[in-house]
Amino acid sequence: MNQPSLSVFFRVKTLCLFCAACSFFSCTKKLTPEQIEAERLLKEKQRLERIEMAKNQAVKEYAASLSDEVRISQLFLVNIEGNQKYSSVEKTGSLYGKYDEGEPLVPGGVLLFSYNISKDPLETYDYIKSIRDFYIENNNPPPFVAVDQEGGDVNRLRGLTSVLWSQKKVAASFSLEGASELYSAQARQMKNLGFHMNLAPVVEVENESNRDFLDTRTFGNLDDVLSYGKNAVCGYEENGIATVLKHFPGNSSTDPHTGLPEIVITKAELERNYIEPFKNLLPCSSAVLMSHARITLTDDDSYAGAKTPACLSDFWVAQILREKLDFKGLILSDDIFMGALAKNGWPPELAVVQAIEAGVDVIMLSEKRFGSVAKILIENSEKNPALKEKISQAVENVIRYKIEAGILEMSEVADSAENLSSAELESPVFSVRVNPDYAEFDLKKFDSDYNAGMKAYGMGK
């Protein structure tokens with residue numbers, strides 16, 4: 001029998017390969033609608049991941065571009081002097097023990113009290129703008145401007161913005177719709193004045209152990225905290241004012257200015273009356289403020305949060321807030337100069353290190369000078385790589401917030417496509433800079449929002 005020639009064999013093999021290829025490509029063309037959608041979603045997910053990675057890289061590069069003095073300053077929220085034109089009260093030399101040398105040292109956030117605020121809205125706006133101008137003139141990213149504006153007794157803008165009742169009175173006297181109007185109008189006025197952040201609302205549930213301390217600062221029971229708290233948070237956040245939920249995870253009736261709050265409860269009580277309101281409201285809020293309280297569980301002697309004040313506790317900050325509750329926003333300490341810490345074994349020089357190690361982003365101080373405290377962080381980070389990394393993470397979190405607040409801006413870099421590979425074209429590049437735009441004060445709008453706030457105030461029973 002004659003054997004087929006070698007050329008015939010190769011022709012047959014080639015034909016088979018061709019048919020196989022045709023079969024393969026015909027199969028790939030017959031994707032189901034579900035497969036097509038899955039492929040589209042995968043590509044979109046990959047695209048968004050590349051964008052997120054590029055944005056994170058831009059934040060890291062911006063943080064790295066700051067001087068050591070400016071970078072460490074981002075971690076502090078500090079009270080300031082004056083109400084006409086801003087100027088710093090210390091110099092960068094204070095970070096190195098040379099208090100009269102160097103450039104102006106200014107914090108990453110400024111906290112205004114009543115004495116910083118004029119009864120005239122334009123004067124208040126001009127003062128806040130002078131803060132921004134001073135920072136830019138001295139090569140600092142502008143600060144976020146914060147205020148305690150809970151309402152009632154804690155009302156730094158009294159006589160300037162529309163009347164803001166206490167949280168307890170709002171829950172007792174307002175419908176949810178009326179509360180939304182009240183808080184939204186307040187937020188619009190604050191935004192017009194130049195504020196970025198409100199250290200409110202208090203979202204602790206009232207109980208026998210904290211009633212004397214919180215008094216009218218709470219909305220009341222869990223249902224009222226969840227409903228009125230959400231309206232307050234949304235009213236501010238949707239109108240450009242970041243909210244700071246406080247005080248996580250709670251307080252007793254011991255005033256933390258003078259003593260250490262101790263909370264002794266069951267695990268079930270902790271979950272329902274302390275963690276639950278924060279769990280529900282944190283997804284809507286930009287930030288949370290830690291309390292100085294220690295919590296002991298009567299039915300769990302091994303509970304990790306029992307021995308350390310919450311604001312200094314890796315358990316409460318990292319494990320509960322960041323991991324369990326998946327909170328992505330800013331975490332602020334309460335004032336580390338309060339007696340709750342200083343009188344119980346955590347003086348400021350120890351508390352500031354422990355707070356950052358726990359995962360706190362912003363250290364709040366009642367003092368107007370923070371250089372000596374920042375100096376401690378710098379010195380400790382030089383011999384502690386883990387602390388140095390925590391500081392970097394915190395600075396980057398502050399920068400991310402400043403981008404969200406419009407203080408800084410992130411934009412995509414428009415490179416020439418001629419010099420980029422296809423892979424590089426799929427990976428965008430972003431940069432961060434000071435936002436050159438700053439809104440002018442709008443008196444007509446302020447008056448309109450003030451009137452809206454007073455109308456809402458009149459809706460209370």
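**Figure 1. Gly-359 follows helix 12 in this predicted model**. The phi angle of Gly-359 is positive, near 115 degrees. Helix 12 itself spans residues 348–358. Its buried residues are Pro-348, Ala-351, Val-352, Val-353, Ala-355, Ile-356 and Ala-358. These buried residues pack against several elements. The helical partners are helix 10 (314–324), helix 11 (339–342), helix 13 (371–381) and helix 14 (385–404). The strand partners are strand 1 (76–79) and strand 12 (363–365).

**Figure 2. Helix 6 packs against helix 8**. Helix 6 covers residues 176–193, and helix 8 covers residues 222–237. Their axes come within 8 Å and cross at roughly 30 degrees. Angles under 35 degrees count as roughly parallel, so helix 6 is roughly parallel to helix 8. The crossing is right-handed. Helix 6 supplies Leu-176, Glu-177, Ala-179, Ser-180, Tyr-183, Ser-184, Gln-186, Ala-187 and Met-190. Helix 8 answers with Ser-227, Tyr-228, Asn-231, Ala-232, Gly-235 and Tyr-236. By class, this contact has eight nonpolar, six polar and one charged residues.

**Figure 3. Helix 8 also packs with helix 9**. Helix 9 runs over residues 267–281. The angle between helix 8 and helix 9 is about 20 degrees, and their axes are 10 Å apart. The two helices are therefore roughly parallel to each other. Their crossing is right-handed. On the helix 8 side, the contact is made by Leu-222, Val-225, Leu-226, Gly-229 and Lys-230. On the helix 9 side, Arg-272, Glu-276, Pro-277, Asn-280 and Leu-281 take part. The residues of this contact divide into five nonpolar, two polar and three charged.

**Figure 4. Thr-161 makes a side-chain polar contact with Gln-186**. Thr-161 lies in the loop between strand 5 (154–155) and helix 5 (167–173). Its relative accessibility is 4%. Buried means under 20%, so Thr-161 counts as buried. The polar contact between the side chains of Thr-161 and Gln-186 is 2.6 Å. Leaving aside residues up to four places away in sequence, Thr-161 touches Gln-149, Gln-186, Gln-189, Leu-193, Phe-446 and Tyr-450. Gln-186 is also one of the helix 6 residues that meet helix 8.

**Figure 5. Asn-273 sits in helix 9**. At 27% relative accessibility, Asn-273 counts as partly exposed. Gln-186 serves as a reference point for its position. Asn-273 and Gln-186 are 87 residues apart in sequence. In space, the C-alpha to C-alpha distance between Asn-273 and Gln-186 is 28 Å.

**Figure 6. Ser-286 occupies the loop between helix 9 and strand 9**. Strand 9 spans residues 287–290. The relative accessibility of Ser-286 is 17%, so Ser-286 counts as buried. Not counting residues up to four places away in sequence, Ser-286 touches Glu-237, Ala-242, Thr-243, Phe-327, Gly-329 and Leu-330. Of these partners, Glu-237 falls within the range of helix 8, residues 222–237. Ala-242 and Thr-243 fall within the range of strand 7, residues 242–248.

**Figure 7. A cis peptide bond links Ala-200 to Pro-201**. Omega for this bond is near 5 degrees. Pro-201 is found in the loop between strand 6 (197–198) and helix 7 (211–214).

**Figure 8. Lys-246 and His-247 are joined by a cis peptide bond**. Here omega is about -5 degrees. His-247 lies in strand 7, residues 242–248.

**Figure 9. Asn-139 has a positive phi**. Its phi is near 60 degrees, in a residue other than glycine. Asn-139 is placed in the loop between helix 4 (121–137) and strand 3 (144–147). With 68% relative accessibility, Asn-139 counts as exposed.

**Figure 10. Asp-215 has a positive phi although it is not a glycine**. The phi of Asp-215 is about 50 degrees. Asp-215 is in the loop between helix 7 and helix 8. Its relative accessibility is 43%, so Asp-215 counts as partly exposed.

Notes: Residues are numbered from 1 along each chain as its sequence is written. This is a predicted model: local features need pLDDT of at least 70, side-chain atom pairs count only at pLDDT 80 or more; totals for chains, interfaces and linings use all residues. Side-chain values use heavy atoms; hydrogens and water are left out. Helices (H or I, at least four residues) and strands (E, at least two) are DSSP runs, numbered from the N terminus. Buried means under 20% relative accessible area, exposed over 50%, partly exposed in between (1.4 Å probe, protein chains only). A polar contact is a pair of N or O atoms within 3.5 Å; within protein, one must be able to donate a hydrogen and the other to accept it, and residues adjacent in sequence count only if both atoms are side-chain atoms. Contact means heavy atoms within 4.5 Å. Axes are lines fitted to C-alpha atoms, for helices over the stretch in contact, and angles run from 0 to 180 degrees between N-to-C directions. Angles under 35 degrees count as roughly parallel, over 145 as roughly antiparallel, 65 to 115 as roughly perpendicular and the rest as oblique. A crossing is left-handed if the near helix is turned anticlockwise from the far one by less than a right angle, and right-handed if clockwise. Ala, Val, Leu, Ile, Met, Phe, Trp, Tyr, Cys and Pro count as nonpolar, Asp, Glu, Lys and Arg as charged, and the others, Gly among them, as polar.
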